[in-house]
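Ready for some practice with rings, charges and pockets? Have the model open and work through each exercise before reading its solution.

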Amino acid sequence: MGKLLFKIMILSLMIFCFSQEAFTGKLSAQSIAPSTQFLKINNYYVLFTTPKAPYIDKNNRFMVPLRSINDLLGGHTTYDPTSKTATIQFGSHQVKFKMDSTEIVTDSNTSVMDTVPVLYKDSIFVPLGILTTQLNIHQEWDQQNKLYSLSGKELMKTPMMENVEDLDRVPVDNENAFNLLSYKLTMGREKIHLTITAKNITGKKLDEGIEDLNTTFIFNNSTTTENRNRKRPSIDKDEIVTRSLDMPYPAR
């Protein structure tokens, strides 16, 4: 077959982890239950951000940890513990969130949100949709597939995203061949176990050797990818596929 024809939405599944000690062998095994919503940056799903996956709060806002903003969007973030204020600098724009406050300040203009930043395990989670609106980043919410998407060429210019693209240069004919339905992640002391469920939405059968669902794990700026020479079985039209794999933590 010489050429891989399909890829699951360029599904290099990205796990962003920022704690310096969370994955050094001191961590007891833990499981992250199947997700009910997903975040996507252009053609890449973002499944997990430490200390927990992005989630939708009670006000229907998509929440992400402040620590991940630098890597996801390419901005620069700081936090002032005295005023409890987080500042995100993105290009010429500056956005400020204050803990437990609905107030948001963008380029000196103050407005009111319908939710508040929250603290979880020493990480501040902020409403991503409100932030990206202030930064004029294109966003879409797919209610049927519970998929929150951000798009734009500028989002691929961060060092992390450039690194992922360098590892993911196999050409494909269809980057939207599958819909991701769920995943389950287990992080043990020495390896990561990931189970993914996705549906073939091409409207036809995929022959053996064509599917190109690949994963990329990122920890503390170190990256590991799975074996690209693995066996790729045929997939029927509309078939729901479950893949499980084990990967070691990246060497630092």
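## Warm-up: one ring and its partner

Tyr120 has a relative accessible area of 28%, so this residue is partly exposed (buried is under 20%, exposed over 50%, partly exposed in between, with a 1.4 Å probe and protein chains only). The model is predicted: local features need pLDDT of at least 70, side-chain atom pairs count only at pLDDT 80 or more, and totals for chains, interfaces and linings use all residues. Residues are numbered from 1 along each chain as its sequence is written, and side-chain values use heavy atoms, with hydrogens and water left out.

**Exercise 1.** Classify the ring pair of Tyr120 and Phe125, and state whether Phe125 is buried or exposed.

*Solution.*
- Start with the rule: rings of Phe, Tyr and Trp (its six-membered ring) pair if their centres lie within 6.5 Å; planes under 30 degrees apart are stacked, over 60 edge-to-face, and the rest tilted.
- Next, apply it: the centres of Tyr120 and Phe125 are 6.2 Å apart and the planes stand at 80 degrees, so the pair is edge-to-face.
- Finally, check burial: Phe125 has 0% relative accessibility and is therefore buried.

**Exercise 2.** Find which residues form an aromatic cluster with Tyr120, and where the charged end of Lys52 sits.

*Solution.*
- Tyr120 clusters with Tyr55 and Phe125.
- A charge sits over a ring if NZ of Lys or CZ of Arg is within 6 Å of the ring centre and within 35 degrees of the ring normal.
- The charged end of Lys52 sits over the ring of Tyr55, 4.1 Å from its centre.
- Lys52 also lies over the face of Tyr120, 4.3 Å from that ring centre.

**Exercise 3.** Of the 4 aromatic pairs in the model, classify the one formed by Phe62 and Tyr148.

*Solution.*
- With 5.1 Å centre to centre and 20 degrees between the planes, Phe62 and Tyr148 are stacked.
- Phe62 is in strand β6 (residues 62-65) and Tyr148 in strand β15 (residues 147-151), 86 residues apart, and the pair links these distant parts of the chain. Strands here are DSSP runs (E, at least two residues), numbered from the N terminus.
- Phe62 is buried at 6% relative accessible area, and Tyr148 is buried at 6%.

**Exercise 4.** Describe the contacts of Lys191.

*Solution.*
- Lys191 is found in strand β17 (residues 191-200) and, at 47% relative accessibility, is partly exposed.
- Leaving out residues up to four places away in sequence, Lys191 touches Thr186, Asp246, Met247, Pro248 and Tyr249 (contact means heavy atoms within 4.5 Å).
- Lys191 and Tyr249 are 58 residues apart in sequence but 5.7 Å apart in space, C-alpha to C-alpha.

How values were computed:
Helices (H or I, at least four residues) and strands (E, at least two) are DSSP runs, numbered from the N terminus.
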